[in-house]
Structures are given as structure tokens and as C-alpha cells.
Amino acid sequence: MKAILSLAMAATLTATAAPATAQFAKAEDAVRYRQGALAVLAQHFTRIGAMVRGRTPYDPRVAVENAEMVATMARLPWPAFGPETEKISHSVKPEAWSEPARFREQHEKLAAESVKLVAAARTNNLDNLKAAFASTASTCKSCHDAYRTN
Ligand code: HEC
């Protein structure tokens with residue numbers, strides 16, 4: 001939990017500067033980093049999902065906060081998919097490395113949709129949020145279908 005919190009704080013501090021190249025001492029560190037980032041991303045995305053599905057009351061301010069976290073976190077995992085991690089990546093299909101351009105396209109789509117999610121949240125309109133949530137969720141699913149094993 002502590003690691004996840006400091007990861008989230010680091011992400012907030014570096015929101016404008018996602019790392020272009022990964023610098024990890026060990027391949028295991030890279031895997032932990034990207035899984036942590038994806039877990040934080042999913043937490044904030046799920047909170048928006050709960051509002052969209054009517055499981056929690058719609059609060060426009062909370063929606064914006066969570067959308068901003070999603071947009072920040074959406075930039076972090078990908079440099080941690082370095083080739084040195086392939087052998088220890090049990091939840092990732094080998095195609096993530098054999099089709100790097102298609103894999104990159106998938107995470108660029110997520111990045112673009114999550115920026116639109118922030119814009120939709122800022123309109124304070126639940127229907128806009130619902131539509132942007134669905135488009136963003138489809139980028140998660142399409143990448144998981146292609147590149148995740150579970
Ligand atoms: C570009 C591809 C891609 C996109 C887009 C993507 N994911 Fe994933 N996701 C993966 C891969 C690959 C893994 C497995 C990573 C690993 O185990 O190292 C993963 C793992 C996860 C995990 C498990 C993390 C853990 O604890 O190990 C969660 C949760 C998750 N993704 C949520 C999401 C959500 C929510 C979205 C959309 C908002 C999303 N992902 C978008 C590729 C993607």
C-alpha cells in the first residue's frame with residue numbers, strides 16, 4: 001500500500017514528464033512498477049465506473065479528480081515493458097514484444113481516450129462522462145484481449 005501511495009504521488013509530481021526511457025536496476029523492478037501503475041490506474045478508473053453505473057452517487061468533482069489520475073497513470077506503465085522483462089512476464093503475451101508498433105498504438109489510444117475522459121468529466125455532465133468512460137474502457141479491453149494472458 002505504501003509503495004502504491006508513493007507511486008501515485010510520484011506520478012502526480014511527474015504528470016508532465018512521463019519517462020521516455022526506462023531506468024530500472026532489475027527486470028523484476030520494472031514488472032513491479034508497471035503492475036503497480038496499472039493497479040493504481042484501475043482503482044481510479046473503477047471509481048468513475050461506479051458513478052457511471054449508478055453504484056455510487058455522481059459527484060462531478062470526484063469524477064474530474066479520478067479522470068486526471070487515470071490520464072496521468074495511463075502514461076506510466078509502458079516504458080517498463082522493456083525486452084529484459086519478457087522472460088519473467090507471465091501475464092503478458094509474447095506479441096507485446098514481437099509487435100511493438102501495434103502494442104504502442106494500443107497504449108497511445110488509451111492515453112488519447114483518457115485525455116478525452118478528463119475533458120468529459122470537466123463538462124460536469126454524466127452522459128458525457130458515460131460515453132468517454134465507455135470509449136476508454138474499450139481501449140483497456142482491446143489491449144488485454146491482444147496482449148494479456150489472464
Ligand atoms: C497497451 C495495452 C494495455 C492497455 C491499453 C491497458 N492494459 Fe491493463 N494490462 C496490460 C498488460 C500487458 C498487463 C499485464 C502486465 C504485467 O503483468 O506485467 C495489464 C495488467 C493490468 C492489470 C493488473 C495489474 C496487476 O496488479 O498486476 C490491471 C488492473 C489493468 N491492466 C487494468 C487496466 C485498465 C483499467 C485499463 C484501461 C483504463 C488498462 N489496463 C489498459 C495491457 C494494457
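A salt bridge is taken here as a side-chain nitrogen of Lys or Arg within 4 Å of a carboxyl oxygen of Asp or Glu. By this criterion, the structure, which is a predicted model, holds seven salt bridges. One of them joins Arg122 to Glu68, with the closest N and O atoms 2.7 Å apart. Arg122 belongs to helix α5 and Glu68 to helix α3 (residues 60-73), so this pair ties together parts of the structure that are 54 residues apart in sequence.

The ligand contains an iron atom, for which the protein supplies a single donor: NE2 of His144, at a distance of 2.1 Å. His144 itself is located in helix α6, which spans residues 126-147. In addition, an N or O atom in the side chain of His144 lies 2.8 Å from a nitrogen atom of the ligand.

Two further side chains make polar contacts with oxygen atoms of the ligand. For Arg34, a polar side-chain atom is placed 2.7 Å from a ligand oxygen. For Gln35, the separation between an N or O atom of the side chain and an oxygen atom of the ligand is 2.8 Å.

The ligand occupies the space of the largest pocket. Helices α2 (27-52), α5 (100-122) and α6 are the elements that each contribute two or more residues to the surrounding shell. Of these contributions, that of α2 is the largest share, amounting to six residues. In total, 20 residues surround the ligand, and Arg34, Gln35, Cys140, Cys143 and His144 are the closest. By residue class, the shell comprises twelve nonpolar, six polar and two charged residues.

How values were computed: Residues numbered from 1 in each chain as written. Predicted model: local features only at pLDDT ≥ 70, side-chain atom pairs only at ≥ 80, totals over all residues. Heavy atoms only, no water. Donors = N, O, S within 2.8 Å, 3.2 Å for Na, K, Ca; no water. Helix = DSSP H or I, 4+ residues; strand = E, 2+ residues; numbered from the N terminus. Near = heavy atom within 4 Å. Polar contact = N/O pair within 3.5 Å; in protein donor to acceptor, adjacent residues only side chain to side chain. 1 Å grid on protein atoms, 1.4 Å probe; cavity = no way out; pocket = protein on both sides within 12 Å on 5 of 7 lines; lining within 4 Å. Sits in = over half its atoms within 2 Å of the grid points. Nonpolar A, V, L, I, M, F, W, Y, C, P; charged D, E, K, R; others polar.
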